[in-house]
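Thanks, everyone, for making the time this morning. I would like to walk through one model with you, starting with a sheet and finishing with a single side chain.

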Amino acid sequence: MSLGVNVNEKANLIWAIADKLTGVYKPHEYGKVILPLMVIRRFDCILEETKQQVLKALEQINQVATSLREPFLKKASGYEFYNISQYTFLSLLNDSDNIEVNFKNYINGFSSNVIEVIEKFKFDTEIQTMSDKNLLYIVIKEFTTPKADLHPDKISNLEMGYIFEELIRRFSESYNEDAGQHYTPREVIELMVNILFSNDDEILTKDIAKTIYDPACGTGGMLSVAQDCLNQMNASAKLLPFGQEINDETFAICKADMLIKGNDAEQIKNGSTLSNDEFRNETFDYILSNPPFGREWKNEQKVVNAEAKQGGKGRFGAGLPAVSDSQMLFLQIAVSKMKARDNGGSKVAIIHNASPLFTGDAGSGPSEIRRYIIENDLLEAIIALPNNIFYNTGIATYIWVLSSKKEQKRKGKIQLINANGLFEKRRKSLGHKSNDIPKHYIDEITSIYADFMENEISKIFENVDFGYYKITIERPLKDESGKILYKGGKPLADTKLRDTENVPLKDNIEEYFKREVLPYAPDAWIDEKKTTIGYEIAFTRYFYQYTPPRESQEISKEMLELEQSLNGALEEIFDDKNR
């Protein structure tokens, strides 16, 4: 069964359960009930097999202090979590009259790490509401049907994340809200992971543990897929996941999946990465992320501005983007988490839309961020992905690949890969996602990146190719008679005639000025105090292919044929009217 089909089927099933809430809850409020119940039910499915062993272990250690019980109970359950309540979802149905009390007893029977996850949903109020409206028993019963089996053997962690986010999208759309999520398809994550591990013999061949970090981890899909992919490439290597997520619900989902997979779930943190970095001063071997596009950072502005003033001591010393879009802040966070080359170095794969490539003039925050990354030789490659590859957006997207351990052949250079055409159409769209990147294209893109050779879709440039001087051209101010006006022995500048030119860094400013300006404005001069350096990556320009205009005879013939067909159609219309 394909991922898309499984996601759709399960999402439709859960949506059908949510319809039981109609009347008591509005559609956009369904998530308050459905999302926590899905998490709880998933834990229930996992722990069902060892339930009796846990209850037996509890009897045996009844005299042991509560604080010392956990290791025994975890061992009995077989996981890093457990439930000591006598109830399961199924057995709760045996006593409909006491469903609220028993269900609360069941929830309180979980280990503390699971209770922390459930508390993020603020679920107590909803339990009370459903009980008062005689819905609690009905909804729990719906979650016990075979079709609602959420065991990881039936629904993978990645699929579970997609189902959650698909439901979040539906709940939001039912209230005419933007879900604000651009969760990442598995094939895109696999491509990013392949790029991260490309030519990395250490992670691909050795029995070694490395760290991986996502500053906007959502439901944890990127971290989970990265682990799965590495396990297939080298089962003896380990990836230790670290992540932070601002949304309470998606954080809870991510932490739940980390618990289920046996990871250290304490390394998944809740809160705004922008204003409260839970991994301050820590660095990681790999960083991958798909931060939100167009998300305002107004709420974090005060803290971010203060950190930016610290310069190199903070994460945002290179510059600040517009407050309407935070994605270049996440780009700087990724850079700040990279290890120095003498400490092993790091690699980054991060997704952005087109905006970070070129937005902002020379000297602006975005340009200065690009300048810092390029002049410090951190940018390895940018890969253009096909459009309509994401579930919730059809816009152009790009993978930025950064490294603080560049191979010798890549030093001082940047590779642009236009993979926009490497896709297959889906038989059925999933949201905006109408295209897939099949495995053979993933392998092809990875090979093109690894080979570091030029071809039709791969171009290699020097870092300096993306930089330019922005020079200010002044013209003299003249009186009505055409006489130049002076002040302090220098001609006054006519601000109405002021102009700017972008001069490639590889070019000589004076030679450019003599060649491109003076022949047309012999009285002009450069105000050198206003010269600034900028960087932009006009990606599509480098892959533009000229299409010659069609022959006039061909166009005339086509117009004549069209005219004749229209005349025939008009005659039929008038004939019908005259009958």
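**The sheet and one asparagine**

What you have in front of you is a predicted model, so please keep that in mind as we go through it.

Let me begin with the sheet, which is open and built from 9 strands in the order β3-β2-β1-β4-β5-β7-β6-β8-β11, with mixed pairing. At its edges stand β3, residues 268–270, and β11, residues 458–462, and because each has a single partner strand, one side of each is left without a neighbour in the sheet. From one strand to the next, the twist averages 15°.

Within this sheet, β1 (209–214) and β2 (238–245) pair in the parallel sense over 6 bridges, and there you can find Y213 standing opposite F242 of β2. Helix α14, residues 248–261, lies across β2 and β3, and runs at about 165° to β3. Helix α19, residues 439–451, also packs on the sheet, where it touches β5, β6, β7, β8 and β11, its direction making about 160° with that of β8.

Now to the asparagine, N83, which sits in the loop between α4 (70–77) and α5 (89–92). Is N83 buried or exposed? Its relative accessible area is 3%, and since the cut-off for buried is under 20%, N83 counts as buried.

As for its polar partners, the side chain of N83 makes a polar contact of 3.3 Å with the side chain of K51, while a polar atom of the N83 side chain lies 2.9 Å from the backbone oxygen of Y106. Leaving aside residues up to four places away in sequence, the residues that N83 touches include L47, V54, G109 and F110.

Technical notes: Residues numbered from 1 in each chain as written. Predicted model: local features only at pLDDT ≥ 70, side-chain atom pairs only at ≥ 80, totals over all residues. Heavy atoms only, no water. Helix = DSSP H or I, 4+ residues; strand = E, 2+ residues; numbered from the N terminus. Buried < 20%, exposed > 50% of the residue type's maximum accessible area, 1.4 Å probe, protein only. Polar contact = N/O pair within 3.5 Å; in protein donor to acceptor, adjacent residues only side chain to side chain. Contact = heavy atoms within 4.5 Å. Pairing = 2+ DSSP bridges. Axes fitted to C-alpha atoms, helices over the stretch in contact; angles between N-to-C directions.
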